[in-house]
Amino acid sequence: MSLTVRKLGLGALLLVALVSVMSAQARRGPVAPAPPDARPAHQPITARPVPTVPPVPAATFTEFCVDCHGKNRPKGGVSLTRLLERTTPEDVAGNWEHWLAAADRIEARHMPPEDADVFPSDAQRTEAVNWIRASLDAYDAKHAGEPG
């Protein structure tokens, strides 16, 4: 089947779905107005309070991560040594993919890998994950309501 025919088929499918949704809404009747205590649409969104970011657990990252994720040929292309050179919430948010993946892997006990010589304690894991997530949350809170 040609690409054009497939596109037309997808378009027709979407059109049928839209029509069925609209007819279902029409059968239900008019939408009830918002309750009087609801925030008007024109009121600006207020920023959330910026959470406190704990100190960077640099010793934990250095002890358990930089042997494999240092500056020279880092595994997975992720150099925690370079990431730890800039640790403000803005810097962490700028590399959010790497930091979020690190938090997920540390929390799931996928890092350090099973063949590592030493492993962080539960407290060290928690400290590292909390710092990453608090840094990302602080950035989100500081920039809440901004477009883009």
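Helices here are DSSP runs of H or I with at least four residues, and strands are runs of E with at least two, numbered from the N terminus. Counted that way, this predicted model holds six helices and zero strands. Reading from the N terminus, then, the elements simply go α-α-α-α-α-α.

Some overall figures set the scene. Of the protein's 148 residues, 22% count as buried. The accessible surface adds up to about 10,900 Å², and carbon and sulfur atoms own 59% of that. As for how the chain meets itself, take the contacts between residues at least 6 apart in sequence: 64% of them join residues at least 24 apart.

Helix α5 is a good place to look in detail. It covers residues 96-107, and at 1.5 Å a residue its 12 residues should span 16 Å; the end C-alpha atoms turn out to be 16 Å apart, so expectation and model agree. W99, A102, A103 and I106 are the buried residues of this helix. Viewed down the axis of α5, the buried residues fall within an arc of 100°, so they line one face of the helix. The general geometry helps here: an α-helix has 3.6 residues a turn, so residues three or four places apart point the same way. What does the buried set of α5 pack against? The partners are α2 (58-64), α3 (80-83), α4 (89-94) and α6 (122-142). Just past the end of α5, R109 adopts a positive phi of about 65°.

Turning to charged pairs, the structure holds six salt bridges. Two of them share R133. One is with D104, where the closest N and O atoms sit 2.9 Å apart. Since R133 belongs to helix α6 and D104 to helix α5, this pair ties together parts that are 29 residues apart in sequence. The other joins the side chains of R133 and E107, again with an N to O distance of 2.9 Å. Here too distant parts of the chain are linked, with R133 in helix α6 and E107 in helix α5, 26 residues apart. Put together, D104, E107 and R133 form a network of salt bridges. On accessibility, R133 is partly exposed, with a relative accessible area of 25%, and D104 also counts as partly exposed, at 39%.

Another salt bridge pairs R86 with D91, the closest N and O atoms being 3.6 Å apart. Which side of this pair is buried, and which exposed? R86 is the exposed one, because its relative accessibility of 56% is over the 50% cut-off. D91 is buried, because its relative accessible area of 17% is under 20%.

Two further residues show how the stretch around α2 meets other parts of the chain. V56 sits in the loop between α1 and α2 and is partly exposed, at 30% relative accessible area. Leaving out neighbours within four places in sequence, V56 is in contact with L84, T87 and W131. For V56 and L84, the separation is 28 residues along the sequence, while their C-alpha atoms are 8.6 Å apart in space. T60, in helix α2, is buried, with a relative accessible area of 8%. Not counting residues up to four places away in sequence, T60 touches C65, Q124 and E127. Helix α2 also appears among the partners of the buried residues of α5.

Finally, the surface has a nonpolar patch of about 390 Å², made by L15, L18, V19 and M22. One of these residues, L15, is found in helix α1, which runs over residues 3-28. With a relative accessible area of 52%, L15 is exposed, because that value is over 50%.

Definitions and conventions. Residues numbered from 1 in each chain as written. Predicted model: local features only at pLDDT ≥ 70, side-chain atom pairs only at ≥ 80, totals over all residues. Heavy atoms only, no water. Expected span 1.5 Å × (residues − 1). Buried < 20%, exposed > 50% of the residue type's maximum accessible area, 1.4 Å probe, protein only. Arc of directions from axis to C-beta. Contact = heavy atoms within 4.5 Å. Patch = residues over 30% accessible without salt bridge, like charges linked within 9 Å, V, L, I, M, F, W, Y side chains within 5 Å. Areas by Shrake-Rupley, 256 points an atom, 1.4 Å probe, with all protein chains shown as cover. Salt bridge = Lys/Arg side-chain N within 4 Å of Asp/Glu carboxyl O.
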